[in-house]
Every structure is written in structure tokens, then in C-alpha cells.
Amino acid sequence: MPSNRRRPLPPFAPGLLLVLPLLAAAAAPPAASAVGVNWGFASSHPLPAAQVVQGLLLPNSVPRVRLAAASSDALAALAGTGVAVTVGVPDALLRPLASSTKAAAAWVHDNITRYASSVRFEYIAVGDEPFRLSHGQHFQPFVVPAAANIKKALTAAKLSTKIKVVVPCSADTYQNASMLPSKASFRPDVNKTMGELLSFLSNNSSPFMVELDPFLSFQQHKNLSLDYYLFQLMSHPVKDGQNKYDNYFDASIDAVVTALTNAGFSDMDVIVGRAGWPTDGAVNATPAIAQSFMTGLVNHLAKKSGTPLRPKVPPVETYLFSLLDEDQRNTASGGYERHHGIFTFDGQAKYYANIGQGPKSLKNAPDVGYFPSKWCVIDNNKDLSNVSASFSAACSNGDCSALSPGASCSGLGWPGNVSYAFNNYYQQHDQSEDSCNFNGLGLITTVDPSVDDCLFPLAIRTSAAASLHLTLAMFRLPVLWVCIFFLFIVDVAAYLCI
């Protein structure tokens with residue numbers, strides 16, 4: 001959004017001004033060697049990759065980034081920057097990659113080998129939380145074979161000593177109903193596969209990657225205070241035997257350590273693949289609270305104090321979630337999933353967070369190209385008796401997460417909420433005139449309808465290359481399956497001719 005429409009940044013969190021000068025005086029930015037950011041692509045109007053790298057990552061001294069998927073635009077933009085890169089493999093690719101070493105070799109060649117001379121790869125993250133409880137057994141059979149085939153392909157490409165293979169595991173992969181780390185263990189339904197995965201990771205000196213969702217945990221555990229999640233000093237820490245926990249993060253890491261120990265892998269390193277706090281979409285999802293969480297997390301990691309079960313041994317790396325808002329993320333957990341960005345979808349900082357730049361303010365993406373200052377609102381002069389159907393259609397095909405209870409636009413009421421839905425749909429469709437029809441109930445206006453903290457967005461112009469890349473990404477999966485089938489037929493024919 002244009003700068004004159006941005007929300008004011010929240011003030012520094014309590015105690016930040018005392019801590020930051022001390023950390024800034026150190027030889028390196030606080031925790032810079034161990035902190036990175038997630039960069040996802042589930043956006044209807046993504047910032048061009050070159051603009052993200054040159055306008056956000058480099059000016060803010062981000063040392064490492066985790067890509068949600070292999071993006072040729074992003075990898076090309078990261079070439080020569082020295083930023084450490086983790087590349088994700090979507091769940092949808094697990095089955096074909098598990099089924100064919102040739103498919104895995106092709107994936108590694110196209111997305112890793114061709115960039116390896118100029119991109120500093122660290123990890124390949126196989127799957128996107130494939131053990132999530134809601135997935136059931138859908139992806140489990142393919143996780144370890146896919147990871148093994150990727151590893152074989154890296155070995156063949158002479159890259160296995162430089163790039164490790166990991167598997168992101170959601171926090172519900174282990175069960176811990178009491179929230180006491182000493183009671184944690186891997187879910188019974190994943191025990192067999194988890195044993196295979198841990199053996200694979202151990203044999204290849206790879207760490208265990210866990211995905212933490214502190215906001216979801218806070219929603220689910222009403223008996224735990226917000227201070228516990230925000231690294232605020234607690235007068236009554238959570239006691240677990242002889243150990244005391246005054247924050248969710250350390251308790252979560254030790255729950256993972258306990259589960260690993262119970263499985264026979266007590267010395268395995270841990271990476272936190274995701275940790276963040278949303279700024280909208282629910283009660284307690286605000287920029288001020290998100291800033292408090294991020295500041296507490298980064299400062300905590302900078303101390304390198306570790307946890308009660310692993311003193312002086314913090315996670316090998318921690319990836320903040322996330323760099324940018326994504327208006328097409330899955331909202332099964334809640335609409336807040338689309339508002340985890342430290343930056344808005346158009347690259348404007350929502351609050352202060354140290355992502356590598358130290359105590360300095362975050363640099364915003366420069367020269368963002370917006371569509372004209374036009375919005376779609378409800379025409380109050382029309383018969384609105386049938387507007388509900390249009391409102392539902394707009395929300396079903398757009399993003400109405402800001403209208404959720406407790407969110408920034410939840411106080412709009414009717415018909416303001418309808419206007420918000422209409423405009424969101426209109427912006428997602430590049431302000432085309434017919435996308436503001438809604439059976440004649442829509443009206444295009446040049447008067448900004450934003451109210452207080454409820455901002456009606458303006459779409460940004462995305463390059464044709466970015467749109468083409470998304471189209472090709474959707475096309476590649478079926479093509480990969482066709483290739484696998486073709487290779488299978490060739491192998492069978494060769495066998496019959498022997």
C-alpha cells in the first residue's frame with residue numbers, strides 16, 4: 001500500500017532499547033548466524049523476486065532464507081548474494097519423487113544443480129509438514145523414500161557434502177497434552193515412519209526440523225498466559241520436575257528433545273523451521289504483540305543460553321515466520337495464517353524485528369508499482385436485499401480474513417464488511433471492471449474507504465514473468481507424472497526385450 005496509507009509502526013517493545021545497544025556492539029548482529037526468514041509464494045500479487053531480494057533481504061542484511069518451494073525467479077535473484085538458502089519441496093511432489101529416482105534427479109538438476117555455482121544452498125526441506133495430524137496417513141508412506149531419492153540425486157551431483165536433506169515436522173507430530181516437555185513423545189500413528197526418518201537423518205548427519213506455531217498453541221491452551229509466549233518474565237514459571245520454563249519456545253524445544261530421546265536419538269540437532277506471530281485475522285493478532293514476540297525470540301536466541309535439557313545449546317538455526325503476508329495461504333487453522341508477514345504483501349514493514357539489520361529500522365521495498373487509487377464498494381443506492389450471495393462469493397474467492405472476529409476490520413459492520421469483500425475480490429482481479437459488478441451491486445470509487453486500522457488494499461502490479469512462473473509451476477506436476485509413467489514404460493519394454 002502507498003506510504004500515506006500505512007499503519008504507524010508500534011513502539012519498541014519494553015526493554016528493547018536497553019538490550020539492543022549492547023547486542024549491536026558485538027562483532028556480529030544479534031543471532032545473525034542462526035536466524036533466517038521464511039519466504040512463501042502463496043500470494044495473489046507477489047512482489048517480484050528481484051525486488052524482494054534487492055529491496056528487502058539485502059538491505060536488511062538477512063543472512064538466510066527458507067523458500068517454501070523451488071522458484072526459478074527467487075533462485076536467480078539470490079544468485080551471487082551469499083544468502084544461505086533452504087529450498088522446500090511441496091507435499092504434492094512427495095509421491096512422484098518417492099516413486100522414481102529419475103524424477104528426483106530431474107528435480108535436483110532443475111532446481112539445485114543449475115544454480116549451485118552461484119547460490120549458497122544449505123538444506124532441502126522435503127515436504128511441508130507432511131506428518132500434520134490433519135493429513136492422516138496421506139503423505140507418510142512417501143516422505144522417507146522421497147528424502148532418500150533426493151539425497152541420492154545430490155550424491156550423484158557431488159553436492160551431498162554441501163547440502164543436507166531435512167523434513168519439516170509440525171508441532172503436532174509429537175503429542176504433549178500436558179504441555180510438560182518431559183511427557184512428550186511422537187504420535188503412535190507416526191512412530192514407524194518417524195523411526196525410519198530419524199535413522200535417515202542420523203545416517204546423513206542431518207538435523208530434525210520442527211515447525212512451531214505459538215499463536216495456535218496460545219489459542220489452544222487457555223491456561224497459559226500471553227506473557228509465557230512473549231518471553232516476558234513470569235513470577236510463576238511452568239515447572240516440570242526439576243526444570244522450570246518461563247517461555248513457550250524453550251518448552252517446545254525440550255519437548256522435541258524428549259521425543260527424540262525416547263526414540264533413541266538424544267543427540268540429534270534441532271532446527272526451528274518456523275516461529276512467528278500474526279498481525280491480523282484474530283484476537284491478539286496485532287503488530288504490537290507480534291513485535292513483542294519477535295523481539296523476545298531474537299533476543300533470547302542471541303543469549304545462546306539453550307534450554308534446561310540442552311544448556312548453552314540453542315537450535316542450530318531458527319527461521320522467522322514470515323517475510324511477507326500471503327493472501328492465499330490455507331486458512332484451516334484460522335484466517336490469521338495469511339497475516340504472519342513482518343512485511344505487508346507489498347513489502348512495507350508492519351513492526352520492528354531484527355532480521356539481521358540489528359537495531360536499525362527495517363528498510364521497506366522501494367519503487368513498488370501499484371494499480372490506480374480505485375476501490376470497489378457496495379452501491380448503497382441499489383436494492384441490497386440479495387447482497388448476501390455476492391458477499392459470500394467475494395469472500396470465497398478472495399481474502400476476508402481481516403473481517404474475522406477481533407481482526408482489524410471486524411468492527412466495520414454491515415454494509416462496510418460487504419464493501420471490504422467486494423474490494424478485495426476487485427483488487428485480486430487486477431481492478432478489472434467486471435470484477436466489481438456483483439449483480440450490479442458494486443461501485444468503483446476513487447475515495448479511499450479505509451477506516452482507522454482497517455485498510456482497504458490496493459493491488460500491486462506483478463510482472464508477466466512472475467505470473468508465468470506460477471502458471472508453469474502448476475503445469476510441472478502433471479508433466480512430472482507423465483515423465484515418470486513414460487520412464488516406467490521404457491523400463492518395462494527394455495526388460496521384455498532382454
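Which residue stands opposite Val35 in S13? That residue is Thr318, and the pair is a handy way into this predicted model. Residues are counted from 1 along each chain as its sequence is written, and side-chain values use heavy atoms, without hydrogens or water. Local features need pLDDT of at least 70 and side-chain atom pairs 80 or more, while totals for chains, interfaces and linings use all residues.

Val35 and Thr318 face each other where strand S1 (residues 35-39) runs parallel to strand S13 (residues 318-320), joined by 3 bridges. Strands here are DSSP runs of E, at least two residues long, and helices are runs of H or I, at least four; two strands pair if DSSP finds at least two bridges between them.

Now step back to the whole sheet. It's open, with 9 strands in the order S5-S4-S3-S2-S1-S13-S12-S9-S6 and parallel pairing. S5 (164-166) and S6 (168-170) sit at the edges with a single partner strand each, so one side of each has no neighbour in the sheet.

Next, the inside. The largest nonpolar core (buried Ala, Val, Leu, Ile, Met, Phe, Trp, Tyr and Cys joined through side-chain atoms within 4.5 Å, buried being under 20% relative accessible area with a 1.4 Å probe, protein chains only) has 132 residues. Trp39, Trp107, Ile112, Ile150 and Phe208 touch the most other members. Helix H10 (residues 248-262) gives the largest share, 9 residues. A second, separate core of 6 residues includes Tyr123 and Ile271.

Technical notes. Buried < 20%, exposed > 50% of the residue type's maximum accessible area, 1.4 Å probe, protein only.
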